[in-house]
Amino acid sequence: MSAHPSQPLPAALTRRQRSVLAAVQELGFVTIDGLAREFEVSSQTIRRDIIKLQQANYLHRFHGGAGLTDGTFRPGYAQKLTTAPAGKERIGRAVAEMIPDGASGYLDVGTTVEAVARALLSKMTLRIITCSVSVAMIFCSHGKFDVFVTGGSVRGANGSLVGSVTTECLKMFRVDYAVIGFGGFD
């Protein structure tokens, strides 16, 4: 059995284990050290939670962390690129209209966020912070923006940077706008 948002979780899971699973589903990968800090417990405690969740086939344990199981459905990056491109471009233009020249902004990962990045190229100056290699590359070819890329482990075909390094890096910035991507509706 693999964890899917529409499947109820068994009552045997603790609140922390449910939160660990939610973090894996949201981020795709989590580190043991990061979770230990977040929940203010030892690394060994988190490791035991991850082992239990892996035994129930909710996630896959890796050295130093955990990620999604192979049975969890997540559309591939290539599929996302070809899904509703006109709609994503309209969203991109609408969001770009809200962000003035000279503003600072955080751009998350995802194909719709990439459409926002392309639409923002019409601006004169911006300060961009991102945890997406794909988003950073869109801006890099134009040279007129200050672009900051977080550190972290690279995950997925879209070049998503994740982990405790990413989280710590993001704490250093304050931005005027944030563009956050998510999936799950049509």
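## A walk through the structure

The largest cavity has a volume of about 40 Å³. Keep in mind as we go that this is a predicted model. How many cavities of 30 Å³ or more does the structure hold? Just one.

So what surrounds the largest cavity? Its lining is made up of I99, A103, S104, G105, L107, L120, L126, R127, I128, Y177 and V179. Three elements each give two or more residues to that lining: β4 (104-107), β5 (127-130) and β9. Strand β4 has the largest share, with three residues.

One name in that lining, L120, takes us to helix α6, which covers residues 111-120. Is this helix mostly covered or mostly open? Mostly covered: eight of its ten residues are buried. They are T111, V113, E114, A115, V116, A117, A119 and L120. L120, then, is a buried residue of α6 and also part of the cavity wall.

Now for the aromatic rings. A pair of rings is described by how far apart the centres are and by the angle of the planes. The structure holds two such aromatic pairs. F139 and F145 make up an edge-to-face pair, with 5.4 Å from centre to centre and 90° between the planes. Both of these residues, F139 and F145, are buried.

The other pair brings together F148 and F173. Here the ring centres are 5.4 Å apart and the planes meet at 50°, so this pair counts as tilted; to be edge-to-face, the angle would have to be over 60 degrees. The F148 and F173 pair also links distant parts of the chain, its two residues being 25 residues apart. F148 belongs to strand β6 (residues 146-149), whereas F173 lies in the loop between α8 (164-170) and β9 (177-179).

Which of these two residues is buried, and why? F173 has 17% relative accessibility, so it counts as buried, because the cut-off for buried is under 20%. F148, at 31% relative accessibility, counts as partly exposed.

Finally, let's step out to the surface. V133, M137 and V154 form a nonpolar patch there, and together they have about 260 Å² of accessible area. M137, one of the three, sits in helix α7, which runs over residues 133-140. Why does M137 count as exposed? Because its relative accessibility is 52%, and exposed means over 50%.

Terms used:
Residues numbered from 1 in each chain as written. Predicted model: local features only at pLDDT ≥ 70, side-chain atom pairs only at ≥ 80, totals over all residues. Heavy atoms only, no water. Phe/Tyr/Trp six-rings, centres within 6.5 Å; stacked < 30°, edge-to-face > 60°. Buried < 20%, exposed > 50% of the residue type's maximum accessible area, 1.4 Å probe, protein only. Helix = DSSP H or I, 4+ residues; strand = E, 2+ residues; numbered from the N terminus. Patch = residues over 30% accessible without salt bridge, like charges linked within 9 Å, V, L, I, M, F, W, Y side chains within 5 Å. Areas by Shrake-Rupley, 256 points an atom, 1.4 Å probe, with all protein chains shown as cover. Salt bridge = Lys/Arg side-chain N within 4 Å of Asp/Glu carboxyl O. 1 Å grid on protein atoms, 1.4 Å probe; cavity = no way out; pocket = protein on both sides within 12 Å on 5 of 7 lines; lining within 4 Å. Points joined across faces, edges and corners; volume = space filled by probe spheres on them.
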